[in-house]
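Thanks for opening this one with me. Below are some numbered notes to read alongside the sequence and the model.

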Amino acid sequence: MENRLVCNFLKMSLGKFILSILLFIDPLHLISQDWKLVDSIAQKSSLVAIDPLNNIYGIESQQGYFFRIDQNKKITKQYIKRFANQISYIIKNDPLKIAYVIPSESKVVSIDPNFQKLSTYNDPYSDPLFSFCLYRDGSQCYFINYSLKLLSASNQVLATSEQIRFEGNHESTKSILLSDGQLIYLWIEKIGVFSFDQNLNLKAELKMPTIQHVDVFEQKVYFLMDDCIFEWNGMNSESALIFTSDHKLSSFSINNKYLILADAFQIKYFTKMD
């Protein structure tokens, strides 16, 4: 709740002025908004991801196509109308390939930069909250039936988490599993974000039911809420506001060079100011 109030407060010009004075003592440990717009592309997108080589992959769900924007800003499209509305997340760890998750079919599809299919994984158990991520040394993590399972590159079970239980009623329809090779993070819609160690022991949780999208970079989770971007270190219950938008955002992604924001009309490139 505090984060939502601060986010809305920042969108008011007077609020930005007052908050700039209060930043030195604010208990949320807010980070000043020191980003600058460096480029934009007229491309609608409901979901985006930027890989380590600054290629952007995204979904345009209304017209039903996957797209890639390379480092020269050239756009390539591949129509996948059947699945466009069902893709929950684009996995971007490997610069030579990407993968996307279709929870309704418990499916993970890997493709190369030219949209050629490399592999397909189907879990035999159908689960609308199914999610998947790459971990390290070729290992992979799955979330299905409210439990995480970590498999080696040779499909040996390395660890299994306890079943995740929630207090009260919830109507979650989506989850996203992420990792940068250290912690493993699980976002469940209308619940919040959980972090796990390499043995799938729960480390911390951030209960925020209004989070809309998540990404991971340099051992931190970044999340979208009320058109603001926050970061969380996965180790406690505190998060920090890093960006506020004056426009409604549909998705975002971050790497070591850019913060990418997608709205109803375009994709914008931001960099950190020196």
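1. A word on the source, before anything else. What you have here is a predicted model, so please read each point below as a description of that prediction.

2. Let's begin with a sheet. Four strands make up an open sheet in the order E1-E24-E23-E22, and their pairing is antiparallel. Strand E1 (35-41) and strand E22 (251-254) are the edge strands, each pairing on one side only. From one strand to the next, the twist averages 20 degrees. As general background, strands of a sheet pair through backbone hydrogen bonds, either parallel or antiparallel.

3. Next, look at how E1 meets its neighbour. E1 pairs with strand E24 (residues 267-272) in the antiparallel sense, over six bridges. Two positions help you find the register by eye: Lys36 stands opposite Thr271 in E24, and Ser40 has Lys268 in E24 as its bridge partner.

4. E24 also pairs with strand E23 (residues 259-262), again in the antiparallel sense, and this pairing runs over four bridges. Ala262 stands opposite Ile267 of E24. The two strands E23 and E24 form a hairpin, with four residues between them.

5. Is E24 mostly covered or mostly open? It is mostly covered, as five of its six residues are buried. Tyr269 belongs to this strand. Its relative accessibility is 1%, so Tyr269 counts as buried, the cut-off being under 20%.

6. Tyr269 is a good residue to click on. Setting aside residues up to four places away in sequence, Tyr269 touches a run of residues from Lys36, Leu37, Val38, Asp39 and Ser40 to Ile41, along with Ile56, Ile69, Lys73, Tyr258, Leu259 and Ile260. The C-alpha atoms of Tyr269 and Ser40 are separated by 5.9 Å, although these residues are 229 apart along the chain.

7. Now for the charged pairs. How many salt bridges does a search of the whole structure find? The search finds five, and three of them are described in this note. In general, side chains of opposite charge can pair when their charged atoms come close.

8. One salt bridge joins Asp39 and Lys73, whose closest N and O atoms are 3.7 Å apart. This pair links distant parts of the chain: Asp39 is in strand E1, while Lys73 is in the loop between strand E4 (65-69) and strand E5 (75-79), 34 residues apart. Asp39 has 31% relative accessibility and therefore counts as partly exposed. Lys73 is partly exposed as well, with a relative accessible area of 29%. Asp39 and Lys73 are both among the residues that Tyr269 touches.

9. Another salt bridge brings together the side chains of Glu105 and Lys107, at 3.2 Å from N to O. Glu105, at 24% relative accessibility, counts as partly exposed. Lys107, at 14%, counts as buried. Why do these two residues get different labels? Buried means under 20% relative accessible area, so the 14% of Lys107 falls under that limit, whereas the 24% of Glu105 does not.

10. Lys220 and Glu231 form a salt bridge too, with the closest N and O atoms 3.4 Å apart. Here again distant parts of the chain are linked: Lys220 is in strand E19 (residues 220-225) and Glu231 is in strand E20 (residues 228-232), eleven residues apart. Lys220 is partly exposed, at a relative accessible area of 30%, whereas Glu231 is buried, at 12%.

11. Finally, please visit Ser175, which sits in strand E14 (residues 175-179). Is Ser175 buried or exposed? Ser175 counts as buried, because its relative accessibility is 0%. Two partners of its side chain are worth displaying. A polar atom of the Ser175 side chain lies 2.5 Å from the backbone oxygen of Leu129, and the side chain also makes a polar contact with the side chain of Ser131, at 3.0 Å.

12. To complete the view around Ser175, show its other surroundings. Leaving out residues up to four places away in sequence, Ser175 touches Ser88, Leu129, Phe130, Ser131, Phe143, Leu186, Trp187 and Ile188. Both polar partners from the previous point, Leu129 and Ser131, appear in that list.

Terms used: Residues are numbered from 1 along each chain as its sequence is written. This is a predicted model: local features need pLDDT of at least 70, side-chain atom pairs count only at pLDDT 80 or more; totals for chains, interfaces and linings use all residues. Side-chain values use heavy atoms; hydrogens and water are left out. Two strands pair if DSSP finds at least two bridges between them. Axes are lines fitted to C-alpha atoms, for helices over the stretch in contact, and angles run from 0 to 180 degrees between N-to-C directions. Buried means under 20% relative accessible area, exposed over 50%, partly exposed in between (1.4 Å probe, protein chains only). A polar contact is a pair of N or O atoms within 3.5 Å; within protein, one must be able to donate a hydrogen and the other to accept it, and residues adjacent in sequence count only if both atoms are side-chain atoms. Contact means heavy atoms within 4.5 Å. A salt bridge is a side-chain nitrogen of Lys or Arg within 4 Å of a carboxyl oxygen of Asp or Glu.
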